[in-house]
Amino acid sequence: MFRIGQGYDVHKLVEGRQLILGGVDIPFGKGLLGHSDADVLVHAIMDALIGAMAEGDIGKHFPDTDSRYKGASSMKLLEEVNKLLKDKGYKIANIDATIIAQQPKMLPFIQHMKDNISHTIGIETSKLNIKATTEEGLGFTGNGLGISAQAICLLLANTP
């Protein structure tokens, strides 16, 4: 049986925060505001995986009202989602994700992001695609006010 999930996340860019995407600390004058490290890429991927399992969303599993997740590494949270996948008998067939940001340029960091994420969830990098795009100066991401990410995944369910 196949299960498809999609995820989306967005966070505001602010001064005084690190910019973490795909578990990579990207040198930039601003970072993303959030309860955890605000890694929109990993959040979108987690939401896609959780959605494909019909297990709610990341807010259900890691609520921003819970102090345990204050400043948490999204890569650590991804480990928890991966454990849930395994416990439920799912295997990741593939993930496709898009980072939407006017700047900084993501291309120099994408392979490191792929390496981090694929290692964390135990898949080959060939099963994970990460790309980036701008919005040509339009909207909140195009105006440099925030960064968003989208992800879609295909899970294989072990059937009896």
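This report describes the strand arrangement, salt bridges, aromatic pair, a buried serine and a surface patch of a predicted model.

**The sheet**

Five strands make up an open sheet of mixed pairing, and their order across it is β4-β1-β7-β5-β6. The edge positions are taken by β4 (31-32) and β6, each of which has a single partner strand, so that one side of each is left without a neighbour in the sheet. Within this arrangement, β5 pairs with strand β7 (residues 146-157) in the antiparallel sense, and the pairing extends over 10 bridges. One position in this pairing can be named in particular, since T98 has Q150 in β7 as its bridge partner.

**Salt bridges**

A search of the whole structure finds five salt bridges, among them the three listed here.

| Salt bridge | Closest N to O distance |
|---|---|
| K88 and E55 | 3.1 Å |
| K83 and D87 | 3.0 Å |
| D96 and K131 | 2.6 Å |

The side chains of D96 and K131 meet in a salt bridge. This pair links distant parts of the chain, with D96 in strand β5 and K131 in strand β6 (residues 128-133), 35 residues apart. D96 is partly exposed, because its relative accessible area is 27%, and K131, at 32% relative accessibility, counts as partly exposed as well.

K88 forms a salt bridge with E55, and here too distant parts of the chain are linked: K88 lies in the loop between α3 and β5 (90-100), whereas E55 lies in the loop between α1 (40-52) and α2 (58-61), with their positions 33 residues apart in the sequence. As for accessibility, K88 is partly exposed, with a relative accessible area of 43%, while E55, at 18%, counts as buried because the limit for that class is under 20%.

The salt bridge between K83 and D87 lies within one element, for the two residues are four residues apart in helix α3 and are therefore separated by about one helical turn. K83 has a relative accessibility of 48% and so counts as partly exposed, whereas D87, at 56%, counts as exposed; the boundary that applies to these two residues is 50%.

**A buried serine in helix α3**

Helix α3 (residues 74-87) also contains S74, which counts as buried because its relative accessibility is 0%. When residues up to four places away in sequence are not counted, S74 touches S36, D37, A38, D39, V42, H43 and M46.

**The aromatic pair**

One aromatic pair is found in a search of the whole structure. The pair consists of F62 and Y69, whose ring centres lie 5.3 Å apart and whose planes stand at 85°, so the pair is edge-to-face. Both residues, F62 and Y69, are buried.

**A nonpolar surface patch**

On the surface, Y8, V10, F140 and L145 form a nonpolar patch, and together these residues have about 350 Å² of accessible area. F140, one of the members of this patch, is found in helix α5 (residues 139-142). With a relative accessible area of 37%, F140 is classed as partly exposed, and this value meets the patch requirement of over 30% relative accessible area.

Notes: Residues are numbered from 1 along each chain as its sequence is written. This is a predicted model: local features need pLDDT of at least 70, side-chain atom pairs count only at pLDDT 80 or more; totals for chains, interfaces and linings use all residues. Side-chain values use heavy atoms; hydrogens and water are left out. Patches are made of residues with over 30% relative accessible area and no salt bridge: like charges are joined within 9 Å, nonpolar side chains (Val, Leu, Ile, Met, Phe, Trp, Tyr) within 5 Å. Accessible areas come from the Shrake-Rupley method with a 1.4 Å probe; for residues, only the protein chains shown count as cover. A salt bridge is a side-chain nitrogen of Lys or Arg within 4 Å of a carboxyl oxygen of Asp or Glu. Buried means under 20% relative accessible area, exposed over 50%, partly exposed in between (1.4 Å probe, protein chains only). Rings of Phe, Tyr and Trp (its six-membered ring) pair if their centres lie within 6.5 Å; planes under 30 degrees apart count as stacked, over 60 as edge-to-face and the rest as tilted. Contact means heavy atoms within 4.5 Å. Two strands pair if DSSP finds at least two bridges between them.
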